[in-house]
Amino acid sequence: MTESGGGAGGTPGMRRAIARILVRVLAILTACWAVVGAAAAPWLPAGGWSAAAAWVLFTLVPLGVFIGTRAWRIYPGALVRVLVFRPLWYAQFFVLVLAPLVVTGAAIGLPLGAPGAGARAALAAGGALLAAVALAGYAGSRRLEVRRLAVSLPDLPPALDGLVVAQISDLHVGPQTPRRFLARVAEAVRAARPELIAVTGDLVDDFARDADRYAAAFRLLEAPLGVYAIPGNHEVYSGWPELRGRLEALPLTLLVNRGVTVRRGGGSFAVVGTGDPAAPAGSDAAPDVGRTLAGVAEGAFVLALAHNPALWPALAARGVPLTLSGHTHWGQLGFRRWNWCLASPFLELAMGAHARGRSLLYIHPGTNYWGIPFRIGHAAQVAILTLHRGEKAEVRDEGPE
């Protein structure tokens, strides 16, 4: 079955740039397979040929299928995503980690005259450890917690004190996502009885038709002050023009570089949402902070939704007091106690809460996973944020329910 409006478009220059990146990535992966295959060859029935077959089966073929589904706009079902795409991500993760270990093992064994034995010992130890980590990560990916966060804001109007916001993010819904897990997420949001629901991007996995799966799971979510969603990078990759139409047909308010006025009690505030930096310049999904805030009344309290936390400094510079983001997944391996995650070495804004003056950012760890079911150190999250007026901008983690 074909998918119209998929993400295979783009300018010729963009397609050439993507092709160059793919060639480089494939070259790196092939080199890693060669290193691992050379070390494992004595254990394999056909030696190096078995390693070459594994490279074809777990890298070349699934990568070709992945690219082909996008290029020819074919909608992959659950079996393709679980039996083809998922082994692709697992295999590349394993080989990228194992190849340096094999080289290190060979280097250690070289002075002893046994580089091959050193390489195989490193391969065996590394493979066993990675298998254990993968199993632990799979178990962790099925954990879901409802986490209560008390948000203190100096500029919060009295009429908004006690406002309860539920945030879900990075759901990456597709046919491979267990419906039972999505039902748990929806029930957790309903049980918290929030006044407002924010969905901060990456609602779908990688294809526009994934929006139908999202709708099946979350179309009944509602809150007195509304349900608001913004695009993330995966909305861009999924074929934004078609996906936008599908999302706008759902019972939610899609905010793309715009805002709305919301009334609570005797007061009001603005909820605004940005585009995403993954969108090319000129796309209506590209972020435009100026346009996002253009309709906000002077002096109004602003709740901003920005999938990529890299957009927060621009929002903070314009006086936005509270921004909710996602995107990083906290690396799917992160530890709140040490304020460190796998994304931390690469991103200044990787996890948790950040304050600059009177402006506050909360980076959600994600309510699901992308690629492989893996999460260690923290659970998938439904965040329940209660806003209070306080002397300084800060988030107090009140723990899981």
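R81 and D210 are both buried, and in this predicted model the two residues form a salt bridge whose closest N and O atoms are 2.8 Å apart. Because R81 belongs to helix α3 (residues 78-109) and D210 to helix α6 (residues 210-218), the pair ties together parts that are 129 residues apart in sequence.

**Salt bridges**

The structure holds 18 salt bridges. Three of them, including the R81 pair, are set out below.

| Pair | Closest N and O atoms |
|---|---|
| R81 and D210 | 2.8 Å |
| R336 and E145 | 3.7 Å |
| D288 and R291 | 3.6 Å |

The salt bridge of R336 with E145 has its closest N and O atoms 3.7 Å apart. This pair links distant parts of the chain, 191 residues apart: R336 sits in the loop between β10 (334-335) and β11 (340-341), while E145 lies in strand β1 (residues 144-153). The two partners may be described separately in terms of solvent accessibility. R336 counts as partly exposed because its relative accessibility is 29%. E145, by contrast, has a relative accessible area of 10% and is therefore buried.

In the D288 and R291 salt bridge, the closest N and O atoms are 3.6 Å apart. D288 has a relative accessible area of 32%, so this residue is partly exposed. R291 is also partly exposed, its relative accessible area being 43%. Elsewhere, E145, R147, R336 and D397 are joined into one network by salt bridges that share partners.

**A buried aspartate without a salt bridge**

D206 is located in the loop between β3 (196-200) and α6. Although D206 is buried, it has no salt bridge. Why does R70, the nearest side chain of opposite charge, not supply one? R70 is 4.4 Å away from D206, and a salt bridge requires the side-chain nitrogen to be within 4 Å of a carboxyl oxygen, so the pair does not qualify. The side chain of D206 does, however, make a polar contact with the side chain of W370, at 3.2 Å. Leaving aside residues up to four places away in sequence, D206 touches R70, R81, H234, Y237, S238 and W370. R81, one of these neighbours, is the residue that forms the salt bridge with D210.

**Nonpolar surface patch**

I18, L22 and I67 make a nonpolar surface patch of about 220 Å². Of these residues, L22 lies in helix α1 (residues 12-40). With a relative accessible area of 31%, L22 is partly exposed. Membership of a patch requires over 30% relative accessible area, so L22 meets that condition.

Key. Residues numbered from 1 in each chain as written. Predicted model: local features only at pLDDT ≥ 70, side-chain atom pairs only at ≥ 80, totals over all residues. Heavy atoms only, no water. Patch = residues over 30% accessible without salt bridge, like charges linked within 9 Å, V, L, I, M, F, W, Y side chains within 5 Å. Areas by Shrake-Rupley, 256 points an atom, 1.4 Å probe, with all protein chains shown as cover. Helix = DSSP H or I, 4+ residues; strand = E, 2+ residues; numbered from the N terminus. Buried < 20%, exposed > 50% of the residue type's maximum accessible area, 1.4 Å probe, protein only. Lys, Arg positive; Asp, Glu negative; His and termini not counted. Polar contact = N/O pair within 3.5 Å; in protein donor to acceptor, adjacent residues only side chain to side chain. Contact = heavy atoms within 4.5 Å.
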